Amino acid sequence: MSAIRPNPVKEKLQRGEPATCISGLMTSEIIDFLGPIGFDSVWMECEHGPVDWDTLGDMTRACDLWGMASITRCNANDAGLITRTLDRGSMGVVLPHVNTREEAEAAAGAAKFAPLGYRGMFGGRQSFGVPDYVHRANDQTMVIVLIEEVAALDNLDEILKVDGIDVFFVAPTDLSQTMGHIGNVGHPEVQGAIDDAIARIVSAGRTAGTLVNDDNVASYVEKGTKFLMTSWNAWAARGAGEFLGRVSGH
């Protein structure tokens with residue numbers, strides 16, 4: 001009997017340790033390139049961008065090769081999408097626009113087999129060679145909900161009562177839009193709302209996540225944020241700019 005593949009992000013969070021997630025323009029080849037660097041997980045984007053079901057399967061296999069958790073953002077909090085995303089090998093799902101307790105309960109239920117939920121009885125690639133997969137998958141499958149609208153902030157205390165959710169991810173860019181500050185994540189009202197949401201998540205004993213960068217990651221760790229997602233694109237752009245500057249002599 002084969003053992004179920006462990007989810008390194010869940011293991012770190014259960015130990016109270018920060019877990020990292022790398023995002024950006026992704027293909028299976030890019031995941032292979034990033035694999036040796038040491039990130040805990042990869043954020044695969046299926047709400048935006050060109051990733052289809054075949055591509056998603058290849059990307060999750062690349063994550064498995066390097067021992068990283070494959071975490072996929074679905075384009076809707078929909079049970080059918082969640083089921084198929086997990087069947088394609090994803091170890092976790094990110095669900096957008098979770099604004100009420102009922103929507104959070106639906107997200108958690110769709111991603112978990114009974115008795116915790118009602119995920120469709122099919123395991124996909126992660127179940128191959130694991131005869132008791134349906135009895136063990138709930139321990140490894142991650143559920144991340146996005147707190148990305150003012151409505152979610154208004155209902156956050158109730159959302160935080162929902163079991164089966166691993167990370168409550170405060171999404172700065174979308175939140176700024178619903179607060180009337182589109183494109184201005186740095187606005188004091190937006191930053192205050194983000195800090196308040198993270199504080200409420202942490203004080204409730206739940207796991208907070210958010211988008212971070214080189215300049216603010218340390219401060220978010222100090223605030224208790226445990227799931228830290230960042231993009232590699234800015235690093236590539238900065239390095240390329242420095243190289244071109246040296247070529248031109250300035």
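The exercises below work through cores, strands, local backbone features, salt bridges and ring pairs in a predicted model.

Residues are numbered from 1 along each chain as its sequence is written, and side-chain values use heavy atoms, with hydrogens and water left out. Because the model is predicted, local features need pLDDT of at least 70 and side-chain atom pairs count only at pLDDT 80 or more, while totals for chains, interfaces and linings use all residues.

**Exercise 1. Nonpolar cores**

Task: Describe the largest nonpolar core and state which helix gives the most to it.

Solution:
- Step 1. A nonpolar core is a set of buried Ala, Val, Leu, Ile, Met, Phe, Trp, Tyr and Cys residues joined through side-chain atoms within 4.5 Å. Buried means under 20% relative accessible area, exposed means over 50%, and partly exposed lies in between (1.4 Å probe, protein chains only).
- Step 2. The largest such core holds 34 residues, and those with the most contacts inside it are Ile-82, Leu-95, Val-145, Ile-147, Ile-165 and Phe-168.
- Step 3. Elements that each supply at least two residues of this core include helix H4 (79-87), strand E4 (92-95), helix H5 (101-111), strand E5 (142-147) and helix H10 (188-203). Helices (H or I, at least four residues) and strands (E, at least two) are DSSP runs, numbered from the N terminus.
- Step 4. H10 gives the most to this core, with six residues.
- Step 5. Another core, of 17 residues, lies apart from it; among its members are Met-91, Val-94, Ala-171 and Phe-227.

**Exercise 2. Two contact lists**

Task: List the contacts of Val-145 and of Thr-72, leaving aside neighbours within four places in sequence.

Solution:
- Step 1. Contact means heavy atoms within 4.5 Å.
- Step 2. On that basis Val-145 touches Leu-95, Val-98, Ala-107, Ile-165, Val-167, Phe-168 and Phe-169.
- Step 3. Thr-72 is part of strand E3 (residues 69-73) and is buried, at 0% relative accessibility.
- Step 4. The contacts of Thr-72 are Met-44, Cys-46, Leu-56, Thr-85, Ser-90, Gly-92, Val-93 and Val-94.

**Exercise 3. Strand E8**

Task: Determine which strands pair with E8, and in which sense.

Solution:
- Step 1. Two strands pair if DSSP finds at least two bridges between them.
- Step 2. Strand E1 (residues 19-23) pairs with E8 in the parallel sense over five bridges, with Ile-22 opposite Thr-230.
- Step 3. Strand E7 (residues 208-211) also pairs with E8 in the parallel sense, over three bridges; here Leu-211 stands opposite Met-229.
- Step 4. From E7 the chain passes through helix H11 (residues 217-222) to E8 in a right-handed β-α-β crossover. Right-handed means that, with the strands pointing away from the viewer, the path from the first strand over the helix to the second runs clockwise.
- Step 5. E8 (residues 227-231) is largely enclosed by the rest of the structure, because four of its five residues are buried.

**Exercise 4. Backbone details**

Task: Locate a cis peptide bond and a positive phi outside glycine.

Solution:
- Step 1. The cis bond joins Ala-114 and Pro-115, with omega about 10°. Pro-115 is in the loop between H5 and helix H6 (133-140).
- Step 2. His-97 has a positive phi of about 55°. His-97 sits in the loop between E4 and H5 and is partly exposed, at 37% relative accessible area.

**Exercise 5. Salt bridges**

Task: Give the total of salt bridges and place two of them in the chain.

Solution:
- Step 1. A salt bridge is a side-chain nitrogen of Lys or Arg within 4 Å of a carboxyl oxygen of Asp or Glu. The structure holds 17.
- Step 2. Arg-101 and Glu-105 form one at 3.3 Å, N to O; both lie in H5, four residues apart, about one turn of the helix.
- Step 3. Arg-238 and Asp-214 form another, at 3.1 Å, N to O. This pair links distant parts of the chain, with Arg-238 in helix H12 (residues 233-248) and Asp-214 in the loop between E7 and H11, 24 residues apart.
- Step 4. Shared partners join Arg-101, Glu-105, Glu-158 and Lys-161 into one salt-bridge network.

**Exercise 6. Aromatic pairs**

Task: Classify the ring pairs Trp-43 with Phe-169 and Phe-113 with Tyr-133.

Solution:
- Step 1. Rings of Phe, Tyr and Trp (its six-membered ring) pair if their centres lie within 6.5 Å; planes under 30 degrees apart count as stacked, over 60 as edge-to-face and the rest as tilted. The count is four aromatic pairs.
- Step 2. Trp-43 and Phe-169 are 5.3 Å apart centre to centre with 50° between the planes, hence tilted. Trp-43 is in strand E2 (residues 41-45) and Phe-169 in strand E6, 126 residues apart.
- Step 3. Phe-113 and Tyr-133, at 6.1 Å and 80°, are edge-to-face.
- Step 4. Ring pairs link Trp-43, Phe-169 and Phe-227 into a cluster.
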